[in-house]
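Here is a short report for a reader meeting this protein for the first time. Keep the view open while you read.

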Amino acid sequence: MQPADFHPLWQADATALERGLCAGHLPPAWVMLLFGDGSPTRHLGLATGRPVGVEVVSMAAAAGDRHAPAAVAAVGAPRIRREVWLTHPGGERLAHAVSWWPQAVVDAHLRDRTLPIWASLADRRTELFRDLRGVSLGRSALLETGFGRRGPFWRRHYLFWRDGRPLTLIVETFSPALDSWLGSSQARPGLPDACPECAARR
């Protein structure tokens with residue numbers, strides 16, 4: 001599944017995110033998931049009360065990065081592209097994630113491909129800084145099939161930094177199934193005109 005299949009209705013870059021654009025118009029749990037700096041796998045596990053599984057779709061040499069966010073250029077080459085579903089024990093897919101890693105980092109930190117990223121890095125006591133680069137709301141036919149849910153879907157992408165250098169770029173897209181635990185992902189009414197995605201959802 002390529003990120004190119006995702007068609008944004010609205011998107012905000014890091015500058016807009018620093019102004020808190022739209023953050024006050026979703027339930028607090030959704031705001032923390034999209035705009036916070038914690039591990040989504042851990043947060044989803046806490047929210048659902050069950051451990052979140054990882055369904056690895058692929059993990060192989062990146063065959064070109066033309067569909068990745070521009071920030072992928074900060075990740076050292078040659079790069080490995082990893083694609084996974086994050087799943088509830090009952091089989092429900094909660095999130096989809098694609099990440100790009102330098103080959104050397106994969107060899108050192110992601111030897112067990114079935115583990116969530118945070119678990120692999122925490123096991124080695126790796127200190128990281130999550131640099132949120134964008135949040136968007138969009139549609140994807142492939143994600144509708146994969147989640148078994150209709151969009152639009154919330155998505156975010158960020159860089160992980162370690163020791164002052166970019167470690168990986170991660171793109172995460174979340175299923176509306178999370179509404180059962182986090183509250184409705186439909187934006188609240190009375191939103192500012194500067195927030196186009198809100199109008200799209202009304």
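The sections below go from the whole chain to its strands, turns and one pocket.

## Overview

This is a predicted model. The protein has 202 residues, and 50% of them are buried. Its secondary structure consists of 8 helices and 7 strands.

The accessible surface comes to about 9,800 Å². Carbon and sulfur atoms account for 52% of that area. Now take the contacts between residues at least 6 apart in sequence. Of these, 68% join residues at least 24 apart.

## Strands β2 and β3

Start with strand β2, which covers residues 53–61. Its partner is β3, and the two run antiparallel, joined by 8 bridges. One position to look at is S58, which stands opposite E83 in β3.

G53 belongs to β2. Is G53 buried or exposed? The answer falls in between: G53 is partly exposed, because its relative accessible area is 24%, and the partly exposed range runs from 20% to 50%. Beyond its neighbours within four places in sequence, G53 is in contact with W85, L86 and T87. The C-alpha atoms of G53 and P89 are separated by 6.8 Å, with their positions 36 residues apart along the chain.

## The covered strand β3

How many of the residues of β3 are buried? The count is 9 of 9. Both faces of the strand are covered. One side carries R79, R81, E83, W85 and T87, all buried. The other side carries I80, R82, V84 and L86, and these are buried as well.

## From β3 to β4

Strand β3 spans residues 79–87. It is joined to β4 by 9 bridges, and the two strands run antiparallel. Two positions show the pairing. W85 has H96 in β4 as its bridge partner, and T87 stands opposite R93 in β4.

The two strands form a hairpin with 5 residues between them. In the turn, G91 has a positive phi of about 105°. Strand β4, residues 93–102, is mostly covered, with 9 of its 10 residues buried.

## Strand β7 and its two partners

Strand β7 spans residues 165–174 and runs antiparallel to β4, joined by 6 bridges. A95 stands opposite F174 in β7. A97 has E172 in β7 as its bridge partner. β7 is mostly covered too: 8 of its 10 residues are buried.

β7 also pairs with β6. These strands run antiparallel, with 9 bridges. E172 appears again here, with R156 standing opposite. The hairpin of β6 and β7 has 2 residues between the strands. Which residue takes a positive phi in that hairpin? It is D163, with a phi near 55°. Most residues other than glycine have a negative phi.

## Two cis peptide bonds

Most peptide bonds are trans. Two places in this model call for a look. A cis peptide bond joins A77 and P78, with omega about -5°. P78 is placed in the loop between β2 and β3.

A cis peptide bond also joins G151 and P152, where omega is about 5°. P152 is found in the loop between α6 and β6.

## Helix α6 and A141

Helix α6 covers residues 141–147, and A141 lies in it. A141 counts as exposed because its relative accessible area is 52%, and the cut-off for exposed is over 50%. What separates the C-alpha atoms of A141 and D5? They are 7.2 Å apart, although the two residues are 136 residues apart along the chain.

## The second largest pocket

Finally, turn to the second largest pocket. About 260 Å³ of space lies in it. Its lining consists of 17 residues. Which of them lie nearest the centre? They are Q11, P69, S136, R155 and H157.

Three strands each supply at least two residues of the lining: β1 (7–13), β5 (129–139) and β6 (153–162). By class, the lining has 8 nonpolar, 5 polar and 4 charged residues. Strand β6 is thus worth tracing twice. It supplies lining residues here, and it runs antiparallel to β7.

Conventions. Residues are numbered from 1 along each chain as its sequence is written. This is a predicted model: local features need pLDDT of at least 70, side-chain atom pairs count only at pLDDT 80 or more; totals for chains, interfaces and linings use all residues. Side-chain values use heavy atoms; hydrogens and water are left out. On a 1 Å grid over the protein atoms alone, a cavity is a set of points where a 1.4 Å probe fits but cannot get out, and a pocket is an open set with protein on both sides within 12 Å along at least five of seven lines; lining residues have an atom within 4 Å of a point. Grid points are joined across faces, edges and corners, and a volume is the space filled by probe spheres set on the points. Helices (H or I, at least four residues) and strands (E, at least two) are DSSP runs, numbered from the N terminus. Ala, Val, Leu, Ile, Met, Phe, Trp, Tyr, Cys and Pro count as nonpolar, Asp, Glu, Lys and Arg as charged, and the others, Gly among them, as polar. Buried means under 20% relative accessible area, exposed over 50%, partly exposed in between (1.4 Å probe, protein chains only). Contact means heavy atoms within 4.5 Å. Accessible areas come from the Shrake-Rupley method with a 1.4 Å probe; for residues, only the protein chains shown count as cover. Two strands pair if DSSP finds at least two bridges between them.
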